[in-house]
Amino acid sequence: MQSRSTEIARGSEKSDDGLAVVSGSSSGIGREIAGALARRGYRTVLIARRGEVLRELARDLSRHAPSTPVALDLSDGGALDSMLPRVLDGVGPVDVLVNAAGQGSYKPFLECTPDEHQRMMQVHYGAAAAMIRAVLPSMLARGSGHVINIGSISAKMGPWGHSGYAAAKAALTSLTETLAAEHLGSGVHFSIVQPGFVDTPFFNGPSLRLLRAQNERRMIAPARVACRALRVLDHPRLQLCVPRSYRVVDLIAALSPALLHRLVAVRSRPASGSLTDTQDGAASVGLPSQQPERIASIGAPRHGDQKPVEQHGRR
Ligand SMILES: NC(=O)c1ccc[n+]([C@@H]2O[C@H](COP(=O)([O-])OP(=O)(O)OC[C@H]3O[C@@H](n4cnc5c(N)ncnc54)[C@H](OP(=O)(O)O)[C@@H]3O)[C@@H](O)[C@H]2O)c1
């Protein structure tokens, strides 16, 4: 039986032939979003590094509406700057921009090289900003359009081992908020989607598979994120957590930022001997699954919490 989120993502067919650009569409959340947009009738431009995967997806999505694959490494700011105008010239004005490309890391700040840190900022924040800069003038001129940025719940928390990732997502969140303020009433909308723990190839790799296994019950399907994210097209909204239960983070922060910090600092550490790498802080924080009585005991470290192991390994 189809899940409710899949049904909704496949529903709401639209007959218009708007244009949507989706970065990170070769996999996971971005792929689900691109598929749902195509089924709504949007022409799509698919951006990621793996050209062959994109070409195959574009062939599939073209059954609904024309789809253009663009193989591009968003960590290369120069390539992005030179290629983006050409791509956009060829496809026409963009109605929906979704910035979903990204990858993570889970290791202490001093173990990240400046290059790794910079790459994280570039892919999650710099590239998204460049894409917005390229499409926004035309959206403003037409008085319509929507920019959907895929952030992360980790941007609200500053979890262990996520200096580059959470900082980049926090920058993306701030940019989204500022743009929404600057263009209030313009007809152009901005949304930041903050997923928790999503079952995608984001967590591939030996150690991340272990983390996925440890957090299986917290995993949500990427289709659920796509479904929630695309609802903002009909009902514009600046910020949304997926799942909604992560709103408890805002609640705890409002009651006591120190409490949230301690909870996150303790709970986001890897359990010694069982965890060597993860790519999203929300994964190991586990707030939504906490019962109220457990939230009261947040200061208590988990077994092995005090001995974080060295983190290595990337997808
Ligand atoms: N999974 C989670 O638990 C989770 C939680 C919160 C937020 N998020 C965010 O959700 C977004 C999508 O992640 P996902 O879970 O769907 O992961 P995913 O399945 O690994 O997809 C990541 C996408 O980003 C693309 N990408 C990565 N680096 C790129 C680069 N340098 N240039 C161009 N494209 C690049 C990948 O394509 P190529 O490999 O083909 O380049 C892929 O299409 C990310 O921004 C991530 O931070 C994920």
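## Packing of α2 and α8

Helices α2 and α8 are oblique to each other in this predicted model, because their axes cross at roughly 55° and an angle between 35 and 65 degrees falls outside both the roughly parallel and the roughly perpendicular classes. The helices concerned are α2, residues 28–39, and α8, residues 222–234. Their axes come within 8 Å, and the crossing is right-handed.

Two packed helices are described by the angle between their axes and the distance between the axes.

## Surroundings of the ligand

Helix α2 also takes part in the shell around the ligand, where α2 gives the most, with three residues. The shell has 31 residues, of which Gly24, Gly28, Arg49, Gly102 and Phe202 come nearest to the ligand.

Sorted by class, 15 residues of this shell are nonpolar, 12 are polar and four are charged.

## Helix α4

Helix α4 covers residues 77–91. With 15 residues at 1.5 Å each, α4 should span 21 Å, and this agrees with its end C-alpha atoms, which are 21 Å apart.

The helix is nevertheless bent: α4 turns by about 30° at Met83. A proline, Pro85, follows Met83 within four residues. After α4 comes Gly92, which has a positive phi, near 95°.

## A cis peptide bond

The peptide bond that runs from Val242 to Pro243 is cis, and its omega is near 0°. Pro243 belongs to the loop between β7 (239–242) and α9 (248–255).

Methods
Residues numbered from 1 in each chain as written. Predicted model: local features only at pLDDT ≥ 70, side-chain atom pairs only at ≥ 80, totals over all residues. Helix = DSSP H or I, 4+ residues; strand = E, 2+ residues; numbered from the N terminus. Expected span 1.5 Å × (residues − 1). Bend = angle between axes of the 7 residues up to and from the residue. Near = placed C-beta within 6 Å. Nonpolar A, V, L, I, M, F, W, Y, C, P; charged D, E, K, R; others polar. Axes fitted to C-alpha atoms, helices over the stretch in contact; angles between N-to-C directions. Parallel < 35°, antiparallel > 145°, perpendicular 65-115°, else oblique. Left-handed = near helix turned anticlockwise from the far one by under 90°.
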